[in-house]
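Please work through the following exercises with the sequence and the structure side by side. Try each task on your own before you read the solution below it.

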Amino acid sequence: MDDMTLLRMAHDAMKNAYVPYSNFPVGAALLCEDGSVYTGCNVEGASYGNAICAERTALCKAVSEGKRRFDTLAVTANTEDFCTPCGICRQMLYEFSPDLRVLCGSRDGSHTVHSLKELLPCAFSAKDL
Ligand code: THU
């Protein structure tokens, strides 16, 4: 799957974001190594700390369906700047795919491409336990 299609899927997933508190919808699409794609949006609650990001929604959907190896994540928001995954999401993605590619989208449809290792240098992982 090409990057633009994955970004389009992330953008479409943003429409389901449940964000009555932040009014900040985010969409994500995670391409697995087997070619399947899992999408996600952020979901918030009145107890603010229970919000889950779009990226982790997509990741948990994929892992709960038995997927463990991922190729590329696309994440996007209605922002002028490129939307990058938060620290918790970076760490959780690193658990499964340190070599993940990360596409960060913005309102106008443009995007940047990063490696997860670039976004999370000196990562903590199972080897450090
Ligand atoms: N959020 C995401 O879903 N992904 C990100 O990469 C950044 C932040 C969500 C969490 C919360 O629902 C809202 O955006 C504001 O922080």
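The exercises below concern a predicted model, and they go from the whole chain to single residues.

**Exercise 1. The chain as a whole**

Task: Determine how many helices and strands the protein chain has, in which pattern they follow each other, and how the radius of gyration compares with the globule rule.

Solution. Begin by counting the elements: the secondary structure of the protein chain consists of four helices and five strands. Next, read along the sequence, where these elements appear in the pattern α-β-β-α-β-α-β-β-α. The radius of gyration is 14 Å, close to the 14 Å that the globule rule gives for 129 residues, so the chain is as compact as a globular protein of that length. For the outer dimensions, take the box along the principal axes, which the C-alpha atoms fill and which has roughly 40 × 35 × 30 Å. Then turn to the inside and the surface: buried residues make up 43% of the 129 residues, while the accessible surface comes to about 6900 Å², of which 54% belongs to carbon and sulfur atoms. Finally, consider the contacts with a separation of 6 or more, of which 60% are between residues 24 or more positions apart.

**Exercise 2. The sheet and a helix across it**

Task: Work out in which order the five strands form the sheet, which strands stand at the edges, and how helix H1 lies with respect to the strands.

Solution. The five strands form an open sheet with mixed pairing, in the order S2-S1-S3-S4-S5. Strand S2 (37-41) and strand S5 (111-115) each have a single partner strand and stand at the edges, so one side of each is left without a neighbour in the sheet. Neighbouring strands of this sheet are turned against each other by 15° on average, if direction is ignored. Now look at one pairing in detail: strand S1 (residues 26-32) pairs with S2 in the antiparallel sense over five bridges, and Ala28 has Gly40 in S2 as its bridge partner. Last, find helix H1 (residues 3-13), which lies across S1, S2, strand S3 (70-77), strand S4 (101-105) and S5, and which runs at about 50° to S3.

**Exercise 3. Aromatic pairs**

Task: Find the aromatic pairs of the whole structure, and state for each which residues form it and what its geometry is.

Solution. A search of the whole structure finds two aromatic pairs. One of them is formed by Tyr21 and Tyr48, whose rings are 5.5 Å apart from centre to centre, with 45° between the planes, and this pair is tilted. Tyr21 lies in the loop between H1 and S1, and Tyr48 in the loop between S2 and helix H2 (54-64), so the pair ties together parts that are 27 residues apart in sequence. To judge the accessibility, note that Tyr21 at 40% relative accessibility counts as partly exposed, whereas Tyr48 at 62% counts as exposed.

The pair of Phe70 and Phe96 is edge-to-face, with 6.3 Å from centre to centre and 75° between the planes. Because Phe70 lies in strand S3 and Phe96 in helix H3 (residues 87-96), this pair ties together parts that are 26 residues apart in sequence. Here Phe70 is buried, with a relative accessible area of 4%, and Phe96 is partly exposed, with 24%.

**Exercise 4. Three residues and their surroundings**

Task: For Thr76, Asn42 and Arg107, decide where each residue is found and whether each is buried or exposed.

Solution. Recall the cut-offs that this step needs: buried means under 20% relative accessible area and exposed means over 50%.

1. Thr76 is found in strand S3, and at 4% relative accessibility Thr76 counts as buried. Leaving aside neighbours within four places in sequence, Thr76 is in contact with several residues, among them Ala10, His11 and Met14.

2. Asn42 is found in the loop between S2 and H2, and at 7% relative accessibility Asn42 counts as buried. Asn42 and Pro25 are 17 residues apart along the chain, and their C-alpha atoms are separated by 6.6 Å.

3. Arg107 is found in the loop between S4 and S5, and with a relative accessible area of 52% Arg107 is exposed. From Arg107 to Ala77 there are 30 residues in sequence and 6.4 Å in space, C-alpha to C-alpha. Without neighbours within four places in sequence, Arg107 is in contact with Ala77, Asn78, Thr79 and Glu80.

Key: Residues are numbered from 1 along each chain as its sequence is written. This is a predicted model: local features need pLDDT of at least 70, side-chain atom pairs count only at pLDDT 80 or more; totals for chains, interfaces and linings use all residues. Side-chain values use heavy atoms; hydrogens and water are left out. Two strands pair if DSSP finds at least two bridges between them. Helices (H or I, at least four residues) and strands (E, at least two) are DSSP runs, numbered from the N terminus. Axes are lines fitted to C-alpha atoms, for helices over the stretch in contact, and angles run from 0 to 180 degrees between N-to-C directions. Contact means heavy atoms within 4.5 Å. The radius of gyration is taken over C-alpha atoms; the globule rule is 2.2 Å times the number of residues to the power 0.38. Buried means under 20% relative accessible area, exposed over 50%, partly exposed in between (1.4 Å probe, protein chains only). Accessible areas come from the Shrake-Rupley method with a 1.4 Å probe; for residues, only the protein chains shown count as cover. Rings of Phe, Tyr and Trp (its six-membered ring) pair if their centres lie within 6.5 Å; planes under 30 degrees apart count as stacked, over 60 as edge-to-face and the rest as tilted.
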